[in-house]
Structures are given as C-alpha cells and as structure tokens.
Amino acid sequence: MTARPHPFDAAQDLKDAPRTGDRQRPKDAATLILTRVRKGSAEVLMGRRAPGHVFMASKWVFPGGRVERTDAGAASATELPPRDAARLAREVTPRRARALALAAVRETFEETGLLLAEPAPPAPVAGGWREFRALGALPDLAALRYIARAITPPGRSRRFDARFFMADAAALLHPEPTAGSGELDEIAWLPLDEARAVDLPAITRFVLAEVAERLTVPDRPLPFVRMVRGRHAVDYQDEPA
C-alpha cells in the first residue's frame, strides 16, 4: 500500500519558527492526537498556545511536550501494541520508545486534564507522575497508535524530535478537558473542517491531514518529516518493497 503524500508548507514552517542561528540538538518530544465521532463527524482535541510563549505562540496544536527523565520507568496498565512498538524499535531503544509513549499521555494530562488510562488504586510517586497516579489511574499505552515523526529544522529557538501518537477518546477515563496547566489558553474538540481553518503550524496541519486519512485507512505508512541538505523532506516508512 502506498501513502498519498500530503503537501508540506515549508515556507509556513519557516514563519512558524524563524531561524535564530542557535545550534542545539533536538530534544525527544511526544504528542497525542485524540479523536472522537459526534453526530457522524470526526473531531480532534486541540489547544491554543498562550500568546506569551517563545515557540509557536497563539498557534493551535495537539497536546504534547518533552520527554522527562521519569517517563521511561513510570508504571502503566498496558503496553504499546506490538506493531507500534516495532515501528519505534527501528528508531530508538525499547526503554526510549516507552518513554515517548508515556510522555504523550502525561503531557496530555498536564495540559488538558484528560486521562488516557485505566482505573487503578491511587499511589504516591515522585516526579511528573505524582498527580496522575494520585487520581487513581495508570496509563493505557495499548490505546496509542504511532502515526508520524517530525524533527524541527536546525537553527530554531526550540528543536524537537517529535513522535505523534493517536488514540480514540473512548479510552479516556472522562470525556471532557479541564483547564490543565495553563499552557493552552483554550482547549476544544474541533470538527476536522473547523480544525483546518484555525491558525495551525505547518507540521500540525500536515499531521491533521494524516489523522483524517488514518480514520479510514489506519494502517497507512508512517511519515517522517525532516530537513535534508537544506530542504524539507517527507519520507514514508513501511512502504512495500
């Protein structure tokens, strides 16, 4: 099966995060795209970044953020599906793959209050998982699907090696977001057509198109967006030989 390539707006990507000349290695990050169907229409959960942010201020994005040291060893109710774990294993160690998946769940909770989890007895833990576990929940990694990867081009004020995961809202312990940490000043379930119309970073628009395709073709090849020899490139993994 061959994926239909989506256009990637390289010019807009430069506007989203202008060059600063900084030299830094990309930091591991993970993003979670939650989807649901209401009145026959697919919706995605998105949030608008507060205007004071240095990176992507006032843009609408999916919840996500950097991997933390405690992510790899955090407890979970389930593990990644074998196919998604195998896809990540081509890129990183199993421990790092698990950290990426857990970071997507943790960051979504921190930014929206939503728990992609199964009920569990509350447990006292240290670090970034303290509040999550105190609410009586364990992450449900089996609900995740690994759908895309993107590396921020060099020379930007922030650089991330980001993995994008997708999950159905049916796996949430409760369906509606709360205020979260305040990093997102507005959080909403948006129909796909409305989501395309808001102010999106180029990579978010690209991944949103990928999400729309995966709602009907879930086993599509996985896109990898990065800069090669000064030009944006989109390669697809799992292409047939």
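**Close-up views of a predicted model**

**View 1. Helix α2 and its buried residues.** Helix α2 covers residues 82-89, and D84, R87 and L88 are buried in it. Down the helix axis, these buried residues fall within an arc of 95°, so they line one face of α2. Several elements help to cover them. Among the helices are α3 (94-112) and α6 (202-214). Among the strands are β8 (145-151), β10 (160-168) and β12 (222-228). The model is a predicted one.

**View 2. The largest nonpolar core.** This core holds 37 residues. L88 of α2 is one of the residues with the most contacts inside the core. The others in that group are L32, L34, L116, F132, L144 and F165. Helix α3 gives the largest share, 8 residues. At least two residues each come from β2 (27-38), α3, β10 and β11 (184-191). In soluble globular proteins, nonpolar side chains tend to be buried together.

**View 3. The surroundings of F132.** F132 is among the residues with the most contacts inside the largest nonpolar core. Which residues does F132 contact, leaving aside neighbours within four places in sequence? They are V105, F109, L115, L116, A117, A137, L138 and P139. L116 is also listed with F132 among the residues with the most contacts inside the core.

**View 4. A separate core.** Another nonpolar core lies apart from the largest one. This other core has 28 residues. Its members include A150, F160, A195 and L200.

**View 5. A buried arginine in strand β8.** R149 lies in β8. Is R149 buried or exposed? Its relative accessibility is 13%, so R149 counts as buried, the cut-off being under 20%. The side chains of R149 and D161 are joined by a polar contact of 2.8 Å. R149 also touches residues further off in sequence, with those up to four places away not counted. One is E91. Others are A162, R163 and F164. L222, P223, F224 and V225 complete the set, together with D161.

**View 6. Strand β3 and its partners.** Strand β3 (residues 41-49) runs antiparallel to β2, with 4 bridges between them. β3 is also antiparallel to β11, joined by 7 bridges. With β4 (residues 60-61), β3 pairs in the antiparallel sense over 2 bridges. V44 of β3 stands opposite T35. V44 also stands opposite L190 in β11. G47 has V61 in β4 as its bridge partner. In a regular strand the side chains alternate between the two faces of the sheet.

**View 7. The β2-β3 hairpin and K39.** The hairpin of β2 and β3 has 2 residues between the strands. K39 sits in this loop. Which sign does phi take at K39? It is positive, about 55°, although K39 is not a glycine. K39 is exposed, with a relative accessible area of 88%. By contrast, R149 counts as buried at 13%.

**View 8. The whole chain, for orientation.** The protein chain has 6 helices and 13 strands. Of its 241 residues, 53% count as buried. The accessible surface comes to about 11,400 Å². Carbon and sulfur atoms account for 53% of that surface. Among contacts with a separation of 6 or more, 70% are between residues 24 or more positions apart.

Key: Residues are numbered from 1 along each chain as its sequence is written. This is a predicted model: local features need pLDDT of at least 70, side-chain atom pairs count only at pLDDT 80 or more; totals for chains, interfaces and linings use all residues. Side-chain values use heavy atoms; hydrogens and water are left out. Buried means under 20% relative accessible area, exposed over 50%, partly exposed in between (1.4 Å probe, protein chains only). The arc is that of the directions from the helix axis to the C-beta atoms. Contact means heavy atoms within 4.5 Å. A nonpolar core is a set of buried Ala, Val, Leu, Ile, Met, Phe, Trp, Tyr and Cys residues joined through side-chain atoms within 4.5 Å. A polar contact is a pair of N or O atoms within 3.5 Å; within protein, one must be able to donate a hydrogen and the other to accept it, and residues adjacent in sequence count only if both atoms are side-chain atoms. Two strands pair if DSSP finds at least two bridges between them. Accessible areas come from the Shrake-Rupley method with a 1.4 Å probe; for residues, only the protein chains shown count as cover.
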